[in-house]
Amino acid sequence: MTKSLTLLGIESSCDDTAAAVVRGSKVLSSVVYGQTALHAVFGGVVPEIAARAHVEKIDHCIEEALRTANLSLTDLDGIAVTAGPGLIGGVLSGVMCAKGLVAATGLPLVGVNHLAGHALTPRLTDRIPYPYLMLLVSGGHCQFLIVEAHDVYSRIGGTIDDAPGEAFDKTARILGLPQPGGPSIEQIALGGDAKRFVLPRPLLNQPGCDMSFSGLKTAMLRARDSIVAEKSGLTGQDQADLSAGFQAAVTDILIEKTQRALQVYFKMQPAQPSFAVAGGVAANTAIRDGLMELCANNATAFIAPPLNLCTDNAAMIAYAGIERMMHGESDGLTLSARPRWPLDDRAAPMLGSGKKGAKA
């Protein structure tokens, strides 16, 4: 196709209601309605509350995205929507809204894997060529992917338990810090001593690219309890030192495992070696800086999308839909919402399986 396709993207897989309009590789608008305040008192995302908030906000979000782009539905070439994986109530909210718009306009409907949205974001922002190595690191996922095409992904490693973002959130709760945990820990860690506490780096003594963060979270809990038993509470400096130590441990794990993933990727002899990172945890400055230095030492281009495109957003969904449509792909009104949807369905499930299929 020579024409630059213009798509509306809709994202509602977790606790952000988002809509965006993308034309080709240009983001015309990107609107995100967050739900942090709704879930703060519970210490984490409550699926039912998230689903209800999506239903209330999604129409307004779409209207704002179209208004900002100075377009109407008749100016679009299609509608892309996250069809999974994610909290099923939220995913359903987006899919049903998209179906309603498609039924009314006759536009093509394109279902997008949320993880593919993240994985293809470097194509949107930097137009990097295939194949490239991708570290998808977020609140619910952590995996190394070799992205060979818009629909061909090879997973070469991932977390066997908690995702890093989940570990950040749980650690913040352990330390009495506000949610979301990632930004809270990063901020307070600036004034901390990362060497004060000896924390584990799980699986670094094991070969391969798989990771584990559950044991690190447990070690943080024990370190906190030890301080509380000694002092009857945590001081601000204790919180800062524990946060700095935790962040350093996560960074060390990701850097070492990325080094191993690069060696696997290099065996493909890519003409332009590129490493990209995306997902909410990719917004962490310490992690970004460590990965950037690693890539420089390995003569590999480092790509990290702007921070607003690292966290959940609909621009990435619209762009992933564009790549699908450029290959003649679309879905009908039978599109289903999927709580589980692995990108590489040839790989064994990292976190188990169930009646709904393999987890992502």
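Visitor: What makes you say that the residues of β6 are buried, and which way do they point?

Guide: This is a predicted model, and buried here means under 20% relative accessible area. Tyr132, Met134 and Leu136 point one way from β6, while Leu133, Leu135 and Val137 point the other way, and all are buried. That fits a general pattern: in a regular strand, side chains alternate between the two faces of the sheet.

Visitor: Why is strand β6 called largely enclosed?

Guide: Six of the six residues of β6 (residues 132–137) are buried, so the strand is largely enclosed by the rest of the structure.

Visitor: How do you know that β6 pairs with β7, and in which sense, parallel or antiparallel?

Guide: Pairing takes at least two bridges, and six bridges join β6 to strand β7 (residues 142–149). The two run antiparallel. A hairpin of four residues links them, and valine 137 has cysteine 142 in β7 as its bridge partner.

Visitor: What about β6 and β9, parallel or antiparallel?

Guide: Parallel, over four bridges, with β9 covering residues 274–278. There, leucine 136 stands opposite alanine 278 in β9.

Visitor: What makes the pairing in the sheet that holds β6 "mixed", and what is the strand order?

Guide: The order is β8-β7-β6-β9-β10, in an open sheet of five strands with mixed pairing. You can see both senses at β6: antiparallel with β7, parallel with β9.

Visitor: Why are β8 and β10 the edges?

Guide: β8 (152–158) and β10 (301–303) each have a single partner strand, so one side of each is left without a neighbour in the sheet. From one strand to the next, the twist averages 25 degrees.

Visitor: Which strands does helix α9 lie across?

Guide: Helix α9 (residues 285–297) lies across β6, β9 and β10, and runs at about 160 degrees to β10. Over 145 counts as roughly antiparallel, so α9 is roughly antiparallel to β10 at about 160 degrees.

Visitor: Where does α4 come in, and at what angle to β6?

Guide: α4 lies across β6, β7, β8, β9 and β10, running at about 125 degrees to β6. Helix α4 (residues 114–126) also lies across β1, β2, β3, β4 (78–84) and β5, at about 95 degrees to β5. The range 65 to 115 counts as roughly perpendicular, so at about 95 degrees α4 is roughly perpendicular to β5.

Visitor: What is the strand order of the sheet with β1 to β5?

Guide: Five strands make an open sheet ordered β3-β2-β1-β4-β5, with mixed pairing. β3 (26–34) and β5 (109–113) stand at the edges with a single partner strand each, so one side of each lacks a neighbour in the sheet. Here the twist averages 20 degrees from one strand to the next.

Visitor: How do you know that β2 pairs with β3?

Guide: The cut-off is at least two bridges, and strand β2 (residues 16–23) has eight with β3, in the antiparallel sense. Arginine 23 has lysine 26 in β3 as its bridge partner. In their hairpin, with two residues between the strands, glycine 24 takes a positive phi near 65 degrees.

Visitor: Which helix touches β1, β2 and β3, and at what angle to β2?

Guide: Helix α2 (residues 47–69) packs on the sheet there, and its direction makes about 25 degrees with that of β2. Under 35 degrees counts as roughly parallel, so α2 is roughly parallel to β2 at about 25 degrees.

Visitor: What do the axes of α2 and α3 do?

Guide: They come within 9 Å and cross at roughly 35 degrees, with helix α3 spanning residues 88–105. The crossing is right-handed. Among the residues that meet are Ala51, Val55 and Ile58 in α2, and Gly90, Ser93 and Cys97 in α3. The contact divides into six nonpolar, five polar and one charged.

Visitor: Why is α7 called roughly antiparallel to α8?

Guide: Helix α7 (residues 214–231) and helix α8 (residues 236–266) pack at about 165 degrees, their axes 11 Å apart. The cut-off is over 145, and that makes α7 roughly antiparallel to α8. Their crossing is right-handed, and the contact residues comprise eight nonpolar, no polar and three charged.

How values were computed. Residues numbered from 1 in each chain as written. Predicted model: local features only at pLDDT ≥ 70, side-chain atom pairs only at ≥ 80, totals over all residues. Heavy atoms only, no water. Axes fitted to C-alpha atoms, helices over the stretch in contact; angles between N-to-C directions. Left-handed = near helix turned anticlockwise from the far one by under 90°. Nonpolar A, V, L, I, M, F, W, Y, C, P; charged D, E, K, R; others polar. Contact = heavy atoms within 4.5 Å. Buried < 20%, exposed > 50% of the residue type's maximum accessible area, 1.4 Å probe, protein only.
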